[in-house]
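Visitor: Could you walk me through this one and tell me how the labels are earned?
Guide: Sure, let's have a look together.

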Amino acid sequence: MTLDVIATYATAVFLLIGSGFVIVGVIGLLKFNDPMTRLHAPTKVGTIGIGMLLLASMTHAFASGDGSLHELLIMAFLFVTAPISANFIAKVNIHSRTCEVPPSPSRDDTWSTLKSPDLDQEIKGGVQE
Amino acid sequence: MTSALGLLNIALVIAFVSLALGQVLSMVRLMLGPTYGDRILALDTMVINALGLVVVIGIRQGVQIYFEVSLLIAMLGFVSTVALARFILRGDIIE
Amino acid sequence: MSLFLIVALPFFGALLPGLMNSAGRSACAGVTFTVSLAAFVGLLTNLPSVLSGDVVMARVDWMPALGLNFTLMLDGLGFFFALLILGIGLLIIAYARHYLSRDDNMGEFFTYLLLFQGAMVGIVLSDNILLLLIFWELTSLSSFLLIGYWKHLPEGRQGARMALVVTGTGGLAMIGGMLILGQIVGSYDLSVILANRDLIQADPLYVPALILILLGCFTKSAQFPFHFWLPHAMAAPTPVSAYLHSATMVKAGLFLMARMWPVLSGTPEWFMIVTTAGLVTMVLAAVIALFKHDLKALLAFSTVSHLGLITMLLGTGTAFGAMAAMFHILNHATFKAALFMSAGIVDHEAHTRDIRRLGGLRTLMPVTFVIVTLAALSMAGIPLLNGFLSKEMMLEEATHTTLFGMPWLVPALATFGSLFSAAYCFRLIGHVFLGPVRNDYPAKPHDPGAGLWLPPAILVVFVVGIGIAPFLAEPFVKLVTASVLGGEAEVPKAYFKIWHGLVPALFMSIAAVVGGLLLMAVYNPALRLWDAAPRPEAKVIFEAIVEAVARLARRLILPLHNGAFTRYAVIGAIAIVAAGLHAWISGTAAAPTRTMQPATPIAIAGWLMLVGATCGLVLMHRDRLLSLILIGIVGLMVSIGFAFFSAPDLAMTQFTVEVVTIILLLLALNFLPKRTPVESSVLRRVRDAGVAIAGGLATFTLAYHYLLRDAIGTPISEFHLANSYKGGGGTNVVNVILVDFRGFDTYGEIIVLGIAALLIYALTETLLRGPVRARLLNRKPDQPRAGDMHPMMMVVLTRVVMPVVLMVGFYIFLRGHNEPGGGFIAGLIVSIAVVMQYMASGFAWTSARLKYPYHGVIGAGVLIAGLTGIGSWFVGKPFLTSDFTYVRIPPFQEFELATAALFDLGVFLSVVGAVMLSLESFSRLARRADETDSEYPMDIDPSRDNPPPDAVQPARESV
Amino acid sequence: MNHWIIAPVVLPAVLAPFIVLAARYHIGIQRTFSVAGVLALMAIALGLVVQVSDGSILLYQLSHWAAPFGIVLVGDRLSTMMVLLTVVLALFVLLYAIGSGWDNRGRHFHALFQFQLMGILGAFLTGDLFNLFVFFEVLLIASYGLMIHAGGNARLKAGVQYVLFNLVGSTLFLFALGSIYAETGTLNMADLANRVTLIGAEETVGIRVAAVLLLLVFAIKAAVVPLHFWLPSSYAEAPAPVAALFAIMTKVGAYAIIRVYTMIFPPDLQATAGLHDLWLLPAALVSLAIGMVGVLAARRLDRLVAFSVIGSMGMVMVAISLFTPAGIAAALYYIVHSTLAGAALFLISDLVRTGRANLELTPQPPFGGLALTAGLFFAGAIAMAGLPPLSGFLGKLLVLDAAIGSDLVVWIWVIVLVSSLIGIVGFARAGSMVFWKSHGEAASEVASAMTRPAVLSYVAAGGLISLLVANTVFAGQMHAYTTTMAAELFAPQPYISTVVDTPGKLSKPKEGL
Amino acid sequence: MARAFRWLLPHPLLTLLLTLVWTLLQNEVSAGMVVFGLILGIIIPWGTSIWWPDTPKGFRPGKMISYSIIVLWDIIVANVQVAWIVLTVPNSRLKPAWIVVPLDLRKPEAITVLAGTITLTPGTVSADLSDEGHSLLVHVLHTDDPDAVRDEIKVRYERRLKEIFS
Amino acid sequence: MELLVATAIGIMTAGGLYLVLRLRTFPVILGMSLLTYAVNVFLFASGRLTVGAPPILRDGVTTYTDPLPQALVLTAIVISFGMTAVVVMIALGAFLGADDDHVDDQPDTADTKPEGKA
Ligand code: NA
Ligand code: NA
């Protein structure tokens, strides 16, 4: 068994693992019945799934002779940006009151998202469902 | 080697199918909503899955050409997520 | 004098009175008179040639290919009319100088008058029927101006419009007739046409041509049923009426009938149409004239009647008829001009033209009385005056004319018409000048100065002179008649004399005069009868028709063009699909030449997503934010599709453009309603869906057709693939096409982007300066806003990620020539990086720290691209010719330097500048008055509580 | 290599960003550069016209790639005449914009104006269909900017519709281009002309649909009914000098139809035979009728002029649809005429607006400069309604003459003449309402808006009228030239071989395909 | 000298990061490319430093690496856990919870890394910050003992970050 | 595969057309975007469909997809982006001025709705 055969097997395995995680992430997205819990599945399970696919891509490139590391960069971007996306979506959920009201913070007055400008207090409606 | 390649081909098909399924299911969530948070989340998931698709297409076609495409999706995909979320949070996305 | 000069003098002279306006009224009139006199004298210089029977010609090519040339001809007929036009014109000018009041713009009046005079002279001297048409329509136009000269009078405006419309209609019909005539003969030269009588009358198009040309003549000469416009043109100042209705405009139709007489007359059609029209007009107008109380209206209808008389004479198609017609034209011009001018004098002095308010002026205005009496008696056909002579000839001709197989019809009607004619002439004299002097004139009438009475007096001299010594006019009239007849008939031998013996015409004449006197005796009962009789009012009918047409036009056009874009789009879509369908159905299709590729699961999944998102978008488009998300998915799927089908550059571009577009739409949606209300009916939605499905089917069919067939030749891109590296120095063929093979397209494309940004900026500026500004500043958000404008996580991430993204942008830019990428994508990436910073820390904070004005970036980009292109000129190559070389500077590897990269840099800068300027403009609209610019890049920063000692520098130093 | 032919594109394209960069806040400098640029363009255009007057074809290979692989600019009699016409029009429009101060009522007028010129001139010169699309877009987007220049609700609303309609048009253009490339594998017009002759009788749907889609694209630009709906409000709401400049834009569509349907899809080409015979001429006749009926129906002077533009385009299209040398010659003559007349009328309406504050066709008090404005309007109306002596009448005669021999000659004559009459009535009603009825109004209201337009405005409007006069006086020469042009168009082989056979970078003559 | 250095290299670590990114982008290591990357790594932060006004002090890259390895491991482990939860735990038995993490960290960069870590390790999402930035709101997907989760975050991540961003 | 692409073009065209015919500017603009996608794919398809042969020259590779339509589509994408930005801005300007985002001109309500007729 040469190195590239191993790499090919590894590619296949990474692909399978990655696909598995991707599908689990999406199942979570579909299955959970609360916006906040839904948020958990794809933003992270999906991320690791794609990470695996990238790993597969790397090993595959390695198997076909031209080693490649730049997929790492993609992975890094994903890992850096995923929390921001999650954070914003969570803020949307909190702001539009579509999740359980969070407990008060221990030290400060309120959560930053809920600190609506005074001007807006009387405004109703908007993009809410 | 042939068995390895065979496995790889099977794995590729499975990857394609699951990514495709993932897209379809995310689409279902997007349509169902019910909250904008869910919809943005579904979009975000679809963008990431699309990235996965491009990566797997790259493996399948054996070319490195798609690196830039995937890099762009990874790098900029979240921008639209943030923009949409900011729109709901603030209305004005640049303020 | 050259014929050109005779025609040109009035036209060029028309400039003078307008310019001389400030020099005074006499100067205006003087210069006009001089111009007119010069033309008149010029005409007289040609008298010898005309008398000797020569035809004077002048020719300059104008549009030879069309057959429209400046060809002028002076023969007896032309001379006769030109003489009338210019001669009476001189008298009119002199008269008008005294007639017009101080409030009237003299220069304007004489300018119009000279234009009109020139046009008339042009008509009678034209040897080219197209040229004649031009002058013909010019008389319509200039008379429109003259009739409407007193702009404050509604009658003037209406009369002018009516005259223009009626005579314009005739003119247009005549265009058709003349073109047919020209086609039959193969030339538009009158001299050629007049020589082809048989050819013309044998042509199947003779009758249409005849009808069309006669339409022109009848409208111009106010023949029944187009007679109604003439009286309403009386709203013009009297000099105009006198000129238009005695000597000129209305005679144009007669002139043309006479001109065309050799080729058009003599056929049953001509005879039937022309004679009938003339006869009816003569009788009808005479009857109407008798019951008109307005002096000028009476004269106007009498003109119509006399024109009918002349028309009838021309219609008979005999040489004698033609001669009588010419003679009567001359006579009518003299007495009618004199009468109009006298009517003007009465109006001028008594301040009314209403016959019922006049009477008894004989003693108050003796000079005028004499003039009017002589002229009117001439018109009535009293012997020793010139009217008698030609009327006799007319009656003589009538006795020889059989219409509709009834030999008595024409003589009877002619006598009847003459009877009424005599009657209104007697009324004119009797009711205005005879009878007791009244004491209720609106003004005290007295004879005017010689300036006003001299011109009609001169004409009356002719009236009497010819009447007493007809042989004086005979050679001239025969000369004219000869040129009317052309070679088609002999000039009649008959002599012009007062006494012909006891011929039927004499009895008819006597009957007419006596009958006229009797009619005057029973005038009042006749008037009551007339007033009681219902009769259509032409003006009302005409106005009603025009109004109805205008209303119909409005009904037709306005609702169709009411700004309903959706209907426009539906109509357009249907038209396009229908035209495409027609092309498809009428063509042939062979079997496919390419085999279908099997669909892979991934393609099917992508298709499902795309279709799902599209359908979702259509179904849920009322939720605007959701529809934005969905369009994002469509875009995402399209870009994945591009990647799948071997187009990485496209995939990248599509994806980045998608991101920017969504940002842009979100910026706009902030101001717009967030939902689209349900407004359209079900029926309408069904219609739209039908159109949409038709369009979809069309594009599907087309795409499917092409996808399964090869092009008819090798695509030109084979060359691009083969020479991309060799000649363009790049391995990314798409990029080489963009910056080299088809760099010019790209140049245009960045300019489009640059313009888009400029436009958006300009509109923002305009909006922010206009009434919208206050509304924008005080705008209330339409949704409750969350706290934390600039979340910490985003800000921190941006600090690290933005430089990395910029670097990736740079990388994509550099690699573009050989790998997927290029200036455009790089530009978008950099823009998104900057937008990220805007979204993180806000507009004010970010832009306050921005060093480069986006205007400058766009300008620099477009300039760099342009200058790169121009650079090639300096090595003698065409615009944008690329060159490249490979250089090696340690420690770097060998790398390529290409001018295409410089061009791409221009692209890059334009894109960055354009995208940023647009986004910035959008977000400037969102600035509110109640907002203070944030001082810090993030709202929440716990480290601000105990800042490190050396970080206390103010954050906004650059503002 | 003679670079003059690209100068009409590059000069404004460089001048515009320069104006943006250097003179953004100085209207005086902008005006100076803008006028200087147009004057230079005029000299260049004249030079080009002279160069091609002997029938030679100017070819310019962009990036030095031979056609059909690269983009080429081609100058022949037709394209250079259109360039000259555009530039001459532009000069007067620009003078008007400066004189009336329109250029200072919003931002970036001069830059947009230059870009607009670039787009129009490029469209006339390019020999490549996709490049034509690009120039269409350049001229369109600049026109959007100019159209909404100075803002205002009505204008913006009309602007939205104008942009949307043209976006649909651009989409259609791309469908057409995709079809053409899919069918023939080329985009160069001359090469396309060669390739379409290879299409056999057994497989014509592809090229037929492509040809028809292209025709429709140009028909939208040329405002042929029923694709004309974009025109009335956008022209009426546009600032006057802009609307005047737009007078040439409809001609871009007409130009493209002439070019494409004489060279690429000539009437005798079997594959595309019988395509538009059925409907183009009727559509043109309906356009003529609708335009002139619109003149009668309009309630506002600017709308009236806009409808007259539709009508005059109908006339042009009637002549074009004959697809005979005589028809094309007449059309080209009429194009020159109607461009000048339409532009003049838009400027004159603005002179009216200057004194009157609105253009409603209702009686209103007299206004400043009435007599002179009335005189100009009278001349413009005569020209537009096709009354003698101005070139409208001559053009009408040419069209009527060219129609002889057409199956629809009776229809053509009747509709041309009747619509002419309707137009006359419309113009007469409007003119007497605006210029005559105003005299009847009480003088007490005279104080309202008695601004007198600037002298430069009169110079510009009067200049266009005098060009109309020149077009009339020299009608013979003009028509002879357009006749030569038409002959050249119907014998395009010199054009085609010049374009296709000239070698470029890495390609020898007759190499490639 | 120091001032010149700060002017030239406002964020030295960013320069290093960019050089690394450049090298990765090229997908091959050569002296020329690294030098070029370094040049870019100097130019870009210099150009963007206006938007990163206050240079963070006292960052310890070494500890950051060990921290990253721990987090990476946690991510892998927890991913499996979450996947298990997604697949097996029905919605009715799911016990999501909000937890409030009082913060000892003060630097925005540190807080951001913490929040990011929390999100990346499955089962928890950092949802919001309190209005003064002294508490972090975290959502837990499934837990019986929210306090334990909070303590673990504080001990396992926040303590380490405090050292890294000292 | 060809069928998929062709139907996708057709469906996007249909969807786009339907939205273009709506009454408010926002859906109309989205419809235009959809139409733009359709036409871009159509233009792209004029080079026919090839999988796995991007037009990036590689040693030893001879099959490439047609690069020209790609370049054309790129140009078209850029231009339509500019156009979209412009139409959005103009539509926004029109809305801000009149507080009305109808695409069609609205009939004068002042004439048609006489008020106070009790
Ligand atoms: Na993301
Ligand atoms: Na206007």
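Visitor: What covers the buried residues of α2(E)?
Guide: The cover includes α3 of chain A, α3 (67-90) of chain B, α36 (792-815) of chain C and α3 (31-48) of chain E. One thing up front: this is a predicted model, where local features need pLDDT of at least 70, side-chain atom pairs count only at pLDDT 80 or more, and totals for chains, interfaces and linings use all residues. Residues are numbered from 1 along each chain as its sequence is written, chains are lettered from A and ligands numbered from 1 in the order in which they are written, and side-chain values use heavy atoms, with hydrogens and water left out.

Visitor: What makes α2(E) a helix, and how does its span fit?
Guide: Helices are DSSP runs (H or I, at least four residues; strands are E, at least two), numbered from the N terminus. This one takes residues 12-26 of chain E, 15 residues in total. From first C-alpha to last it reaches 21 Å, close to the expected 21 Å at 1.5 Å a residue; the expected span is 1.5 Å times one less than the number of residues. Just after the helix comes Asn27(E), with a positive phi near 65 degrees.

Visitor: Which residues of α2(E) are buried?
Guide: Among them are Leu14(E), Leu18(E), Trp22(E) and Gln26(E). Buried means under 20% relative accessible area, exposed means over 50%, and partly exposed is in between (1.4 Å probe, protein chains only).

Visitor: Why is α29(C) called largely enclosed?
Guide: Because 20 of its 21 residues are buried, the rest of the structure largely encloses it. Helix α29 of chain C covers residues 624-644 and reaches 30 Å, close to the 30 Å expected. Ser646(C) follows, and its phi is positive too, near 65 degrees.

Visitor: Why is Arg25(C) called buried?
Guide: Its relative accessible area is 16%, and the cut-off is under 20%, so the label fits. Arg25(C) sits in helix α3 (residues 25-45) of chain C. Leaving aside neighbours within four places in sequence, its contacts include Arg97(C), Leu100(C) and Asp104(C); contact means heavy atoms within 4.5 Å.

Visitor: How do you know that Val35(D) is buried?
Guide: Val35(D) comes out at 17%, and under 20% counts, so buried is the right word. It lies in helix α2 (residues 27-52) of chain D and touches Leu94(D) and Ile98(D), not counting residues up to four places away in sequence. Val35(D) and Leu91(D) are 56 residues apart in sequence, with their C-alpha atoms 7.1 Å apart in space.

Visitor: And what about Ser26(B), buried or exposed?
Guide: Buried: its relative accessible area is 0%. Ser26(B) belongs to helix α1 (residues 2-32) of chain B, and its contacts include Val26(A) and Leu29(A) as well as Ala42(B) and Asn49(B).

Visitor: What makes Ser85(A) and Asp44(B) donors of the sodium ion (ligand 1)?
Guide: Donors are N, O and S atoms within 2.8 Å of the metal (3.2 Å for Na, K and Ca), and water is not among the atoms, so sites may look incomplete. Ser85(A) offers OG and Asp44(B) offers OD, lying 3.0 Å from the ion, so they qualify. The pair crosses between chains, from helix α3 (residues 71-95) of chain A to helix α2 (residues 36-61) of chain B. Ser85(A) is buried at 1%, and Asp44(B) is buried at 5%.

Visitor: Which residues coordinate the sodium ion (ligand 2)?
Guide: Ala236(D) and Ala238(D), each through O, at 2.7 to 2.9 Å. Ala236(D) is buried at 4%, and Ala238(D) at 2%.

Visitor: Which chains share the most contacts?
Guide: Chains C and D, of the 10 pairs in contact. By comparison, chains B and D do not touch, their nearest C-alpha atoms being 23 Å apart.

Visitor: What makes Arg709(C) and Glu203(D) a salt bridge?
Guide: A salt bridge is a side-chain nitrogen of Lys or Arg within 4 Å of a carboxyl oxygen of Asp or Glu. Here the N to O distance is 3.4 Å, so the pair passes. The rule finds 4 salt bridges across the interface of chain C and chain D.
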